[in-house]
Structure formats: C-alpha cells, structure tokens
Amino acid sequence: MPELVLTAADDRRDLAVEIGAEIALALEENRTTGFLWQLAGPLPDGLVWKGDRFDHDAGPGLGRGGRRSFRFLAVAPGSGDIAFQL
C-alpha cells in the first residue's frame, strides 16, 4: 500500500485513508532553537504511532535546521484530527 506523505501545506486538509495505509508527516524544524514539534493531543481512533525521526538539512555547520518526520499507521476505521504544536 502506498505511503501518504503530508507537509505543513496540508494543514486543515480532510483526507480519507484506507486501513493499512502509512501516513508520514514531515515538518520543518530547527532543534537548536529549542522549539520542537510535538503531538498536541490524542491520536484519532484507528491510527497507531509508528515513531518519528529528525533529518538535518545538507551542508556544514552547527545550528542548521532540518525536517522531523512523524509516522502513523491506519489500523481501523475512525475519524478525527492529528494536531501538532511547535
């Protein structure tokens, strides 16, 4: 089953996701500022947290930003919102 990749541009977008689909949410983040993305509430019924990771932008130097990717799996029918805060 294909993976659904979302970004900040998908904010407030309604989606229909099939059971078994993987969802990846990629958000820009600069960890050196102390501001990190985090889940801002419970996951909707039917979604399971699969983890997250941070990838630095290419290039030399300390303090560079990057992308935090959050992964979910649709395991059962349900509806709701996934909310994050910085």
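In what order do the four strands of the open sheet come? They run β1-β2-β5-β4, with mixed pairing. The legends below walk through this predicted model, one close-up at a time.

**View 1. The whole chain, built from strands.** Start zoomed out: the chain has zero helices and six strands, so to speak a β-β-β-β-β-β run from the N terminus on. Its C-alpha atoms fill a box of roughly 45 × 25 × 20 Å along the principal axes. Out of 86 residues, 26% count as buried. The chain exposes about 5900 Å², and 52% of that comes from carbon and sulfur atoms. Look at contacts between residues at least 6 apart in sequence, and 57% of them join residues at least 24 apart.

**View 2. The open sheet and its edges.** Four strands make up this open sheet, in the order β1-β2-β5-β4. At the edges stand β1 (3-6) and β4 (47-56); each has a single partner strand, so one side of each is left without a neighbour in the sheet. Ignoring direction, neighbouring strands here are turned against each other by 20° on average. As a reminder, strands of a sheet pair through backbone hydrogen bonds, either parallel or antiparallel.

**View 3. Strand β2 and its two partners.** Both kinds of pairing show up around β2. With β1, the pairing is in the parallel sense, over four bridges. With β5, the strands run antiparallel and are joined by eight bridges. Two residue pairs make handy landmarks. Valine 5 has alanine 24 in β2 as its bridge partner, and glutamate 28 stands opposite arginine 67 in β5. β2 is largely enclosed by the rest of the structure, because six of its eight residues are buried.

**View 4. Alanine 24, tucked into β2.** Zoom in on alanine 24, which sits in strand β2. Is this residue buried or exposed? Alanine 24 has a relative accessible area of 7%, and because the cut-off for buried is under 20%, it counts as buried. Leaving out residues up to four places away in sequence, alanine 24 touches Glu3, Leu4, Val5, Leu6, Phe70 and Arg71. Serine 69 is 45 residues away along the chain, yet its C-alpha atom is 6.4 Å from that of alanine 24.

**View 5. The largest nonpolar core.** Which residues make up the largest nonpolar core? There are nine: Leu6, Ile23, Leu25, Leu27, Leu47, Phe70, Phe72, Ala74 and Phe84. At least two of these core residues come from each of β2 (22-29) and β5 (66-74). In soluble globular proteins, nonpolar side chains tend to be buried together. Isoleucine 23 is a good place to look around: with residues up to four places away in sequence set aside, its contacts are Leu4, Leu6, Val17, Leu47, Phe70, Arg71 and Phe72.

**View 6. An aromatic cluster.** A search of the whole structure turns up four aromatic pairs. One of them is tryptophan 49 with phenylalanine 72, an edge-to-face pair at 5.5 Å centre to centre with 75° between the planes. This pair links distant parts of the chain, since tryptophan 49 is in strand β4 and phenylalanine 72 is in strand β5, 23 residues apart. How accessible are the two partners? Tryptophan 49 counts as partly exposed, at 37% relative accessibility, whereas phenylalanine 72 counts as buried, at 1%. Ring pairs also tie Trp49, Phe70, Phe72 and Phe84 together into a cluster.

**View 7. Alanine 76, out in a loop.** For another alanine, move to the loop between β5 and β6 (84-85), where alanine 76 lies. Alanine 76 is partly exposed, with a relative accessible area of 32%. Set aside residues up to four places away in sequence, and alanine 76 touches Ile19 and Gly46. How far is alanine 76 from glycine 63 in space? The two are 40 Å apart, C-alpha to C-alpha, with their positions 13 residues apart in sequence counted as the separation.

Technical notes: Residues are numbered from 1 along each chain as its sequence is written. This is a predicted model: local features need pLDDT of at least 70, side-chain atom pairs count only at pLDDT 80 or more; totals for chains, interfaces and linings use all residues. Side-chain values use heavy atoms; hydrogens and water are left out. A nonpolar core is a set of buried Ala, Val, Leu, Ile, Met, Phe, Trp, Tyr and Cys residues joined through side-chain atoms within 4.5 Å. Buried means under 20% relative accessible area, exposed over 50%, partly exposed in between (1.4 Å probe, protein chains only). Helices (H or I, at least four residues) and strands (E, at least two) are DSSP runs, numbered from the N terminus. Contact means heavy atoms within 4.5 Å. Two strands pair if DSSP finds at least two bridges between them. Axes are lines fitted to C-alpha atoms, for helices over the stretch in contact, and angles run from 0 to 180 degrees between N-to-C directions. Rings of Phe, Tyr and Trp (its six-membered ring) pair if their centres lie within 6.5 Å; planes under 30 degrees apart count as stacked, over 60 as edge-to-face and the rest as tilted. Accessible areas come from the Shrake-Rupley method with a 1.4 Å probe; for residues, only the protein chains shown count as cover.
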